[in-house]
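Thank you all for coming; I would like to spend a few minutes on the aromatic rings, so please have a look at the structure while I talk.

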Amino acid sequence: MDGPSWLGAVLFLGLHLRALWPAAAVEVHTSKEVYAVNGTNLRLKCTFSSSSPISQHLSVTWNFQPEDLSSHEPVFYYLKEPYKSSGRFRERVTWDGNIEHNDVSIIIWNLQPTDNGTFTCQVKNPPDADGTIGEVRLRVVQKVHFSEIHFLAVAIGSACILMIIVVTVVVICRHYRKKAQEKRIEVTGAELREKENLKIREEKEASPLED
């Protein structure tokens, strides 16, 4: 086999082996769905695993898609250092990850009802090929009025206290009733013994007179 034919055969075999061998990929892990109260802050956790060592060119991209399924909005970008993206989250997002620990999480501050939607987290770690994209759905709920919580807490607490008082009173009553019954039994027994002793003394005193 001449040189060009041999080289062509090697290249052909290499291409087929590469097609059969799965490419390395980055796996991204996020929660499926999270809830947060309106006006609070939330840490959107995102971690990744890669078959390759962490590269200097590792990049992280966070995007957001509102519930109305409109176009994706940039949220955050990381490449050697964190960058805030333009848009609704520019002043309300901070980096809270640790690349060395495979953590690329962010914090969203002062959540609003308009933040309901799906956040995506994508990690690229060359030479690993693109892998999974983490998705987490955010649901922002309204605050429960404090008076309602207070009323519910007071109602539950009062019911528990009342139940404890009733149980305590029942236990104490049974205890004193048992003690009183035991005392009556002891007094009755003592009286009987005293009467028997008196009768015996009377019989002894009467015996000499009969003689």
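Ring pairs join Phe64, Phe89 and Phe119 into a cluster, where a pair means that the ring centres of Phe, Tyr or Trp (its six-membered ring) lie within 6.5 Å, with planes under 30 degrees apart called stacked, over 60 edge-to-face and the rest tilted. I should say that this is a predicted model, in which local features need pLDDT of at least 70 and side-chain atom pairs count only at pLDDT 80 or more, while totals for chains, interfaces and linings use all residues. Residues are numbered from 1 along each chain as its sequence is written, and side-chain values use heavy atoms, leaving out hydrogens and water.

Searching the whole structure gives six aromatic pairs. One of them is Phe76 with Trp95, which is stacked because the ring centres are 5.8 Å apart and the planes meet at 10 degrees. Phe76 sits in strand S6 (residues 73-79) and Trp95 in strand S8 (residues 93-95), so this pair ties together parts 19 residues apart in sequence; strands here are DSSP runs of E, at least two residues, numbered from the N terminus.

How buried or exposed is Trp95? With a relative accessibility of 22%, Trp95 counts as partly exposed, given that buried means under 20% relative accessible area, exposed over 50% and partly exposed in between, with a 1.4 Å probe and protein chains only. Phe76, at 2%, is buried.

Definitions and conventions. Helix = DSSP H or I, 4+ residues; strand = E, 2+ residues; numbered from the N terminus.
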